[in-house]
Amino acid sequence: MALDRRADFRVALLKQKFSFWANHLSKTLLPLLLRMLSFFVFNFPLQRIIMTSNPLLEPYDLPPFTRIQAEDVEPAIDAVLMNNRRRIETLLEKAEPRTWSSFVDVLTELEECLERVWSPVQHLNAVANTQALRAAYNTCLPKLSAYQTELAHNIRLYAGWKSLAASSEYRDFSPVQQKIINDTLRDFHLGGVALPPEKKERFAHIQQELSILQAHFEENLLDATQAGYLDVTDPAQLKGLPPSALMQAEQAARQVEQSGYRITLDFPAYHAVMSYATRRELRQQVYIAYVTRASDLGSFADRYDNSQLMHDILRLRQEEARILGFGNFAELSLETKMAGSPAQVLDFLCDLAHRTRSAAEGELAELRSFAAAELGLDKLEAWDVAYASERLREHRFMLNDEMLKPYFPVDGVLAGMFELTSRLFNIYIQPGPEVEVWHPDVHFYEIRDVKGELCGQFYLDLYARPHKRGGAWMDECLSRYRRGHQLQHPVAFLTCNAAPPVGKQPALFTHDEVVTLFHEFGHGLHHMLTRVDYPQVAGIREVEWDAVELPSQFMENWCWTSEGIDLIGRHYQTGEPLPQSLRDSLLASRDFQAGMQMLRQIEFALFDMRLHLEYDPAQPTDIQALLNEVRSTVAVLKPPSCNRFQHSFTHVFAGGYAAGYYSYKWAEVLAADAFSRFQEEGLFNPLIGQAFLHKILERGGARPAAELFRDFMGRPPRVDALLRQYGLEEVSR
Ligand code: ZN
């Protein structure tokens with residue numbers, strides 16, 4: 001099977017900007033301008049500043065995207081790292097007792113300087129990738145990694161934090177400040193500060209290697225995705241594809257100055273073929289091209305194969321964990337999460353699998369008999385599953401994406417989503433001022449509270465295009481940060497990969513694309529509505545990885561309510577609301593194949609957890625064999641042997657979800673449970689909306705997620721609401 005839609009399309013790649021232990025450094029009381037000025041004066045002859053202005057080093061309110069060039073990147077990073085090293089050295093040379101203002105504030109500010117340079121670069125590398133930018137980005141990765149490791153291993157810095165924790169001042173710190181100190185000390189420990197010199201050196205080397213290997217894994221996938229395509233001249237070959245997908249394919253061909261149609265391996269194109277193409281051979285061909293991307297199979301196996309990279313990454317992660325005294329990488333990963341141990345996670349997943357299995361088996365049996373009876377598919381192959389499922393869905397609910405899309409035009413969906421958040425949280429979203437962007441499709445918005453005060457701003461980049469990474473994600477551009485009386489408001493990047501508008505028609509979203517947008521917007525709200533003034537724990541920072549999907553999955557729920565649909569679903573030509581029959585069908589369809597979907601997520605999560613729990617560098621685990629074994633215990637659908645899902649599992653091999661993919665399900669339990677309070681006490685009940693805002697969204701990582709959740713719900717989380725949400729409740733009894 002290809003990576004399923006939830007995983008691949010609704011990606012929440014909350015990129016950790018730097019390794020986690022580096023998240024706790026910096027701040028000065030000087031305003032930004034003075035800081036940058038002093039930085040230049042100390043580090044550059046004035047003439048050189050004038051001669052070689054670097055947009056990344058200029059103070060900015062928002063990044064100067066149109067002026068950033070690949071050649072600016074390395075000099076800017078070099079300059080910031082040099083300055084930071086010098087400032088830290090000066091700080092540590094002072095013998096005075098460590099205080100918050102003389103120590104933490106300075107370090108916070110230094111980290112902010114680095115973020116301001118690196119965040120736009122990292123973002124551009126993901127959404128406007130060029131060879132030159134990629135090269136510059138990759139040149140900087142080892143430098144950043146070396147810097148972070150240096151800080152993480154700096155005994156004097158560590159001693160500074162320890163002395164702050166032991167100081168008489170500590171008692172007077174706010175709980176948030178105390179948490180920052182304790183999190184930092186924990187991260188120092190995880191960063192290997194207490195290691196003997198030879199181990200420390202090895203540890204640093206591993207960090208550098210991993211950052212390079214993981215970036216390489218992702219590049220291979222991006223390149224393999226772009227390299228693979230199918231040119232078709234006869235439209236009859238594409239029978240069944242909806243008009244929008246055909247136009248997309250035509251547009252893709254035109255972009256390379258060809259006639260006919262080009263089927264790319266971008267997710268929307270792949271998804272359209274798998275769901276709609278009536279020619280089985282076409283589905284098979286595209287399926288195989290897609291599921292063998294970046295693997296030892298397929299047309300580009302000699303160029304973009306991730307096989308060895310996976311082993312190298314796993315080997316280094318295990319070594320890293322053992323150097324730190326953990327038994328394996330899974331234990332290291334859980335050290336900073338809400339779940340207590342790998343065993344607890346495995347139990348959680350197996351329990352969910354157990355409760356879901358018979359429902360999934362029933363769904364598959366139904367699909368098989370439908371495919372045989374109605375579609376003449378006696379043996380259901382992997383490339384038939386989405387197609388047959390879509391036909392069954394249409395048959396049962398009289399519903400398909402194409403019927404719904406005219407009701408979800410981009411402007412209507414955005415207006416409805418903004419209206420909804422306004423009613424829930426008493427905030428207002430409107431287009432922001434004109435700012436520099438990296439592509440004409442990108443728009444900029446701002447969020448204000450009821451008094452008109454600015455809360456946060458965001459860039460919205462909705463459509464798939466060449467040289468943009470697949471999936472959808474939220475990333476931080478700037479974090480909330482108070483320096484004395486001066487407040488920096490948070491700014492987010494919200495990125496999706498929906499099918500772009502074709503011709504003069506506005507972009508029309510599938511319901512799934514709408515859900516994806518709500519998901520990322522949920523992350524964005526978490527980042528932008530925070531009231532925490534310390535960037536170390538503001539927004540999504542220091543929120544446990546397995547709780548960070550709570551606001552995002554919570555927001556998805558509104559796309560599955562009649563009240564939510566009322567706000568977002570209007571026909572793009574007539575303005576008519578979504579007809580009742582379609583609406584009923586859509587809402588009823590949420591349960592469709594819920595058991596099978598659940599099991600697939602559990603399969604990915606179990607595979608990830610066991611891989612990082614069991615991988616033995618001395619006798620490298622056969623990754624495919626382990627995946628097969630996991631499938632044999634939980635999956636009802638077995639993909640063909642050519643399937644190389646693992647080779648494109650970027651969450652785990654390139655993102656922050658290593659030994660953490662279970663987080664989606666874990667947080668989904670929290671999200672469904674929290675949403676059940678709205679269902680019980682009123683979907684738009686302002687008191688509940690305010691409670692969610694004040695007790696969860698605004699609090700960021702200032703307190704442990706379990707406490708925030710208890711604070712909102714008045715009790716610990718329960719799994720019932722999630723099972724109920726998917727109609728699996730009966731099965732569990
Ligand atoms: Zn997410």
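Which helix is Phe709 found in? Helix H28, residues 705-713. I'll start there and work towards the metal. One caution before that: this is a predicted model.

So, Phe709. The residue is buried, with a relative accessible area of 1%. Leave aside the neighbours within four places in sequence. Phe709 is then in contact with Leu550, Leu670, Asp673 and Ala674. Gly714, Arg715, Pro716 and Pro717 are on that contact list too. Take Ala674 from the list. Phe709 and Ala674 sit 35 residues apart in sequence, and their C-alpha atoms are 8.1 Å apart in space.

Now the zinc site. Which residues supply the protein donors? His519 and His523 each give NE2, and Glu549 appears twice, through OE atoms. The donor distances run from 2.0 to 2.7 Å. Along the chain, the spacing reads H-x3-H-x25-E.

What about the geometry? The four donor atoms subtend angles of 53 to 144 degrees at the zinc ion. Four donors count as tetrahedral if all angles lie between 85 and 135 degrees. The angles here span 53 to 144 degrees, so the arrangement is irregular. One reminder for anyone setting up this site: water is not among the atoms, so sites may look incomplete.

Look at the two histidines. Both lie in helix H19, residues 511-528. His519 and His523 are four residues apart, about one turn of the helix. An α-helix has 3.6 residues a turn, so residues three or four places apart point the same way. Both side chains are shielded as well. His519 is buried at 1% relative accessible area. His523 is buried too, at 0%.

Stay with H19. Is this helix enclosed or open? Of its 18 residues, 18 are buried, so H19 is largely enclosed by the rest of the structure. The length checks out. At 1.5 Å a residue, H19 should span 26 Å, and its end C-alpha atoms are 25 Å apart, which agrees.

Just ahead of that helix is Thr510. Thr510 is placed in the loop between strand E9, 491-498, and H19. Thr510 counts as buried, at 11% relative accessibility. Outside its sequence neighbours up to four places away, Thr510 touches Asp401 and Lys405.

Next, the packing. The largest nonpolar core has 150 residues. Which members touch the most others? Phe425, Phe458, Phe509, Phe554, Trp558 and Phe678. Helix H15, residues 342-375, gives the most to this core, with 12 residues. There is also a second, separate core of 63 residues, and its members include Leu110, Trp118, Cys140 and Leu141.

Phe458 is worth a closer look. Again, residues up to four places away in sequence don't count. Its contacts include Phe418, Ile429, His443, Phe444 and Tyr445. Ile447, Ala492, Leu494, Phe521 and Met528 are touched as well.

On to cysteines. How many disulfides does a search of the whole structure find? Zero. Take Cys559. Its closest cysteine sulfur is in Cys496, 11 Å away, too far for a bond. The cut-off for a disulfide is 2.5 Å between sulfur atoms. Cys559 is buried, at 0% relative accessibility. Cys350 is partly exposed, with a relative accessible area of 40%.

Two backbone points for the torsion people. Most residues other than glycine have a negative phi. Ala294 has a positive phi, near 55 degrees. Ala294 lies in the loop between helix H12, 280-291, and helix H13, 307-323. Ala294 is buried, at 4% relative accessible area. Gln593 also has a positive phi, near 55 degrees. Gln593 is found in the loop between helix H22, 580-588, and helix H23, 594-614. Its relative accessible area is 10%, and Gln593 is buried.

Last stop, the surface. Is Gln255 buried or exposed? Exposed, with a relative accessible area of 53%. Gln255 is found in helix H10, residues 243-255. Gln255 and Pro440 are 185 residues apart along the chain, and their C-alpha atoms are separated by 17 Å.

To close, back to the metal. The zinc ion has His519, His523 and Glu549 around it, in an irregular arrangement. Both histidines lie in helix H19. Questions, please.

Terms used
Residues numbered from 1 in each chain as written. Predicted model: local features only at pLDDT ≥ 70, side-chain atom pairs only at ≥ 80, totals over all residues. Heavy atoms only, no water. Donors = N, O, S within 2.8 Å, 3.2 Å for Na, K, Ca; no water. Tetrahedral: all angles 85-135°; square planar, octahedral: opposite > 155°, others 65-115°. Helix = DSSP H or I, 4+ residues; strand = E, 2+ residues; numbered from the N terminus. Buried < 20%, exposed > 50% of the residue type's maximum accessible area, 1.4 Å probe, protein only. Expected span 1.5 Å × (residues − 1). Core = buried A, V, L, I, M, F, W, Y, C linked by side-chain atoms within 4.5 Å. Contact = heavy atoms within 4.5 Å.
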